[in-house]
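Q: Please go through this structure with me and set the values against the definitions that lie behind the descriptive words.

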Amino acid sequence: MNQLSKHCRQESETGDLARSLGQALAQYFKESPDGQVNLALSGELGAGKTSFARSLIQSMGHLGKVKSPSYALCEPYSIAVAQHSIAVHHFDLFRMRSPLEWQEAGFADLFATPGLCLVEWPEKAEDTLPVFDLSISITALPIECEREIHIAAHSPTGQIIFLKLESLS
(Lines give C-alpha, C1' and ligand atoms only; values in the text may rest on other atoms or scores of the structure.)
Protein backbone atom coordinates (compact mmCIF):
# COMPACT_ATOMS: atom_id res chain seq x y z
CA MET A 1 0.00 0.00 0.00
CA ASN A 2 1.39 3.39 -1.00
CA GLN A 3 1.27 6.12 1.64
CA LEU A 4 2.25 9.76 1.89
CA SER A 5 2.41 11.93 5.00
CA LYS A 6 2.82 15.67 4.69
CA HIS A 7 3.10 18.36 7.33
CA CYS A 8 1.55 21.53 5.90
CA ARG A 9 2.60 24.69 7.73
CA GLN A 10 0.23 27.04 5.91
CA GLU A 11 -3.20 26.88 4.29
CA SER A 12 -1.51 27.41 0.92
CA GLU A 13 0.52 24.19 1.36
CA THR A 14 -2.65 22.23 2.13
CA GLY A 15 -4.28 23.74 -0.97
CA ASP A 16 -1.21 22.89 -3.06
CA LEU A 17 -1.43 19.23 -2.00
CA ALA A 18 -5.16 19.13 -2.79
CA ARG A 19 -4.52 20.72 -6.21
CA SER A 20 -1.75 18.21 -6.94
CA LEU A 21 -4.11 15.35 -6.11
CA GLY A 22 -6.78 16.95 -8.30
CA GLN A 23 -4.30 17.14 -11.18
CA ALA A 24 -3.35 13.48 -10.64
CA LEU A 25 -7.05 12.56 -10.76
CA ALA A 26 -7.54 14.62 -13.93
CA GLN A 27 -4.58 12.79 -15.53
CA TYR A 28 -6.10 9.46 -14.52
CA PHE A 29 -9.48 10.36 -16.04
CA LYS A 30 -7.81 11.66 -19.20
CA GLU A 31 -6.31 8.19 -19.68
CA SER A 32 -9.34 6.30 -18.29
CA PRO A 33 -12.48 8.36 -18.97
CA ASP A 34 -14.69 5.43 -17.90
CA GLY A 35 -12.74 4.96 -14.68
CA GLN A 36 -14.38 5.05 -11.27
CA VAL A 37 -12.59 6.41 -8.19
CA ASN A 38 -13.81 6.44 -4.60
CA LEU A 39 -12.02 8.81 -2.24
CA ALA A 40 -12.50 9.06 1.54
CA LEU A 41 -11.78 12.35 3.30
CA SER A 42 -11.58 12.08 7.09
CA GLY A 43 -10.78 14.47 9.92
CA GLU A 44 -12.30 16.23 12.88
CA LEU A 45 -14.76 19.09 12.51
CA GLY A 46 -12.86 22.14 11.28
CA ALA A 47 -9.83 20.18 10.05
CA GLY A 48 -10.25 21.53 6.51
CA LYS A 49 -11.90 18.66 4.64
CA THR A 50 -14.27 20.85 2.61
CA SER A 51 -11.50 23.32 1.76
CA PHE A 52 -9.34 20.41 0.62
CA ALA A 53 -12.21 19.04 -1.49
CA ARG A 54 -12.87 22.50 -2.97
CA SER A 55 -9.23 22.89 -4.09
CA LEU A 56 -9.19 19.35 -5.47
CA ILE A 57 -12.40 19.75 -7.50
CA GLN A 58 -11.38 23.14 -8.87
CA SER A 59 -7.95 21.85 -9.88
CA MET A 60 -9.65 19.08 -11.87
CA GLY A 61 -11.20 21.81 -14.01
CA HIS A 62 -14.44 22.90 -12.33
CA LEU A 63 -14.78 26.63 -12.95
CA GLY A 64 -17.77 27.44 -10.75
CA LYS A 65 -18.30 27.56 -7.03
CA VAL A 66 -17.75 24.38 -5.02
CA LYS A 67 -20.39 24.33 -2.29
CA SER A 68 -20.29 22.41 0.95
CA PRO A 69 -22.69 19.46 0.64
CA SER A 70 -23.37 19.34 4.37
CA TYR A 71 -27.11 20.07 4.00
CA ALA A 72 -27.73 18.55 0.56
CA LEU A 73 -25.65 15.43 1.39
CA CYS A 74 -24.31 15.43 -2.20
CA GLU A 75 -23.17 18.13 -4.62
CA PRO A 76 -22.69 16.87 -8.19
CA TYR A 77 -20.31 18.44 -10.70
CA SER A 78 -19.58 17.71 -14.34
CA ILE A 79 -15.95 18.39 -15.20
CA ALA A 80 -14.51 18.41 -18.72
CA VAL A 81 -11.30 16.39 -18.90
CA ALA A 82 -9.88 16.18 -22.42
CA GLN A 83 -12.99 15.57 -24.56
CA HIS A 84 -14.85 13.75 -21.82
CA SER A 85 -17.27 14.82 -19.13
CA ILE A 86 -16.37 13.37 -15.74
CA ALA A 87 -19.05 13.12 -13.05
CA VAL A 88 -17.85 14.21 -9.62
CA HIS A 89 -20.05 13.60 -6.57
CA HIS A 90 -18.97 15.36 -3.39
CA PHE A 91 -20.64 13.88 -0.31
CA ASP A 92 -20.68 15.17 3.26
CA LEU A 93 -22.17 12.62 5.66
CA PHE A 94 -21.65 14.66 8.86
CA ARG A 95 -25.36 15.20 9.52
CA MET A 96 -26.29 11.52 9.13
CA ARG A 97 -27.53 9.90 12.28
CA SER A 98 -27.25 6.29 11.07
CA PRO A 99 -25.91 4.26 8.14
CA LEU A 100 -29.53 3.47 7.24
CA GLU A 101 -29.97 7.13 6.19
CA TRP A 102 -27.17 6.67 3.67
CA GLN A 103 -28.76 3.54 2.24
CA GLU A 104 -32.20 5.17 2.04
CA ALA A 105 -30.80 8.27 0.28
CA GLY A 106 -30.22 6.15 -2.85
CA PHE A 107 -26.70 7.35 -3.67
CA ALA A 108 -25.04 3.91 -3.57
CA ASP A 109 -25.40 3.41 -7.36
CA LEU A 110 -23.14 6.42 -7.97
CA PHE A 111 -20.23 4.40 -6.58
CA ALA A 112 -20.55 1.92 -9.45
CA THR A 113 -20.70 4.47 -12.29
CA PRO A 114 -17.76 6.21 -14.00
CA GLY A 115 -16.44 9.28 -12.22
CA LEU A 116 -15.25 10.39 -8.81
CA CYS A 117 -17.07 9.95 -5.51
CA LEU A 118 -15.44 12.04 -2.78
CA VAL A 119 -16.85 11.37 0.70
CA GLU A 120 -16.34 13.52 3.78
CA TRP A 121 -17.12 11.77 7.06
CA PRO A 122 -17.21 8.24 5.52
CA GLU A 123 -17.22 6.67 8.99
CA LYS A 124 -20.84 7.86 9.42
CA ALA A 125 -21.93 5.29 6.81
CA GLU A 126 -19.98 2.55 8.63
CA ASP A 127 -19.55 -0.50 6.37
CA THR A 128 -22.25 0.44 3.83
CA LEU A 129 -19.78 2.17 1.48
CA PRO A 130 -17.60 0.35 -1.04
CA VAL A 131 -13.84 0.07 -0.58
CA PHE A 132 -12.09 3.38 -1.15
CA ASP A 133 -9.32 3.67 -3.72
CA LEU A 134 -7.68 6.48 -1.76
CA SER A 135 -8.12 7.74 1.77
CA ILE A 136 -7.08 11.16 2.99
CA SER A 137 -6.87 11.99 6.67
CA ILE A 138 -6.46 15.61 7.77
CA THR A 139 -5.45 16.49 11.31
CA ALA A 140 -5.50 20.11 12.50
CA LEU A 141 -2.46 20.81 14.64
CA PRO A 142 -2.27 23.14 17.68
CA ILE A 143 -0.55 25.88 15.63
CA GLU A 144 -3.15 27.71 13.53
CA CYS A 145 -3.27 26.68 9.85
CA GLU A 146 -0.91 23.71 10.35
CA ARG A 147 -2.20 20.36 9.18
CA GLU A 148 -0.87 16.82 9.06
CA ILE A 149 -2.21 15.05 5.98
CA HIS A 150 -1.97 11.34 5.25
CA ILE A 151 -2.89 9.90 1.86
CA ALA A 152 -3.04 6.15 1.30
CA ALA A 153 -3.86 4.02 -1.74
CA HIS A 154 -6.03 0.94 -1.11
CA SER A 155 -6.56 -0.48 -4.61
CA PRO A 156 -4.79 -0.82 -7.96
CA THR A 157 -6.64 2.31 -9.17
CA GLY A 158 -5.60 4.16 -6.02
CA GLN A 159 -1.98 3.12 -6.60
CA ILE A 160 -2.06 4.47 -10.17
CA ILE A 161 -3.36 7.83 -8.93
CA PHE A 162 -0.92 7.84 -6.03
CA LEU A 163 2.03 7.38 -8.43
CA LYS A 164 0.71 10.27 -10.55
CA LEU A 165 0.52 12.38 -7.38
CA GLU A 166 4.11 11.52 -6.46
CA SER A 167 5.31 12.54 -9.92
CA LEU A 168 3.64 15.96 -9.49
CA SER A 169 5.07 16.61 -6.01
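A: A residue counts as buried under 20% relative accessible area, as exposed over 50%, and as partly exposed in between. The model is a predicted one, and the values discussed here are computed from it.

Q: Why is Ala108 called partly exposed?
A: The relative accessibility of Ala108 is 45%, and because partly exposed covers the range between 20% and 50%, Ala108 belongs in that class. Ala108 is found in the loop between helix H3 (99-105) and strand E5 (115-120), and its C-alpha atom is separated by 7.5 Å from that of Leu129, which is 21 residues apart from it along the chain.

Q: What makes helix H1 oblique to helix H2?
A: The axes of H1 (residues 11-31) and H2 (residues 49-59) come within 7 Å and cross at roughly 40 degrees. Angles under 35 degrees would count as roughly parallel and those from 65 to 115 as roughly perpendicular, so the crossing of H1 with H2 is classed as oblique. H1 passes H2 in a right-handed crossing.

Q: Which residues make the contact between H1 and H2, and how are they classed?
A: On the H1 side the contact involves Thr14, Gly15, Leu17, Ala18, Arg19, Leu21, Gly22, Gln23 and Leu25, and on the H2 side Phe52, Ser55, Leu56 and Ser59. By class, the contact has six nonpolar, six polar and one charged residues, where Gly is counted among the polar ones.

Q: What makes H1 oblique to helix H4?
A: H1 and H4 (residues 156-168) pack at an angle of about 125 degrees, with their axes 8 Å apart. Roughly perpendicular ends at 115 degrees and roughly antiparallel begins over 145, so H1 is oblique to H4. The crossing of H1 and H4 is right-handed. In this contact Leu17, Ser20, Leu21, Gln23, Ala24, Leu25, Gln27, Tyr28 and Glu31 of H1 meet Thr157, Ile160, Ile161, Lys164, Leu165 and Leu168 of H4, and by class these residues are nine nonpolar, four polar and two charged.

Q: How do you know that the span of H1 agrees with its number of residues?
A: The expected span is 1.5 Å times one less than the number of residues, so the 21 residues of H1 should span 30 Å, and the end C-alpha atoms of H1 are 31 Å apart, which agrees.

Q: Why is Thr14 placed among the buried residues of H1?
A: Thr14, which lies in helix H1, has a relative accessibility of 10%, and because the cut-off for buried is under 20%, Thr14 counts as buried. Leaving aside neighbours within four places in sequence, Thr14 is in contact with Cys8, Phe52, Arg147 and Ile149. Phe52 is itself one of the buried residues of H2.

Q: Why is Ser42 called partly exposed?
A: Ser42, in strand E2 (residues 36-42), has a relative accessibility of 22%, and since buried requires a value under 20%, Ser42 counts as partly exposed. Not counting neighbours within four places in sequence, Ser42 is in contact with Lys49, Pro122, Glu123, Ile136, Ser137 and Ile138.

Q: What makes Leu45 exposed, and which residues does Leu45 touch?
A: At 63% relative accessibility, and with exposed meaning over 50%, Leu45 counts as exposed. Leu45 is found in the loop between E2 and H2 and touches Phe94 and Trp121, residues up to four places away in sequence not being counted.

Q: Is Trp121 buried or exposed, and what is its phi?
A: Trp121 has a relative accessible area of 11%, and because buried means under 20%, Trp121 is buried. Trp121 lies in the loop between E5 and strand E6 (134-140), and its phi is near 60 degrees, a positive value in a residue other than glycine. Most residues other than glycine have a negative phi.

Q: Why is Glu126 called exposed?
A: Glu126 lies in the loop between E5 and E6 and has a relative accessibility of 55%; because exposed means over 50%, Glu126 counts as exposed. Glu126 has a positive phi of about 50 degrees although it is not a glycine.

Conventions. Residues numbered from 1 in each chain as written. Predicted model: local features only at pLDDT ≥ 70, side-chain atom pairs only at ≥ 80, totals over all residues. Heavy atoms only, no water. Helix = DSSP H or I, 4+ residues; strand = E, 2+ residues; numbered from the N terminus. Buried < 20%, exposed > 50% of the residue type's maximum accessible area, 1.4 Å probe, protein only. Axes fitted to C-alpha atoms, helices over the stretch in contact; angles between N-to-C directions. Left-handed = near helix turned anticlockwise from the far one by under 90°. Contact = heavy atoms within 4.5 Å.
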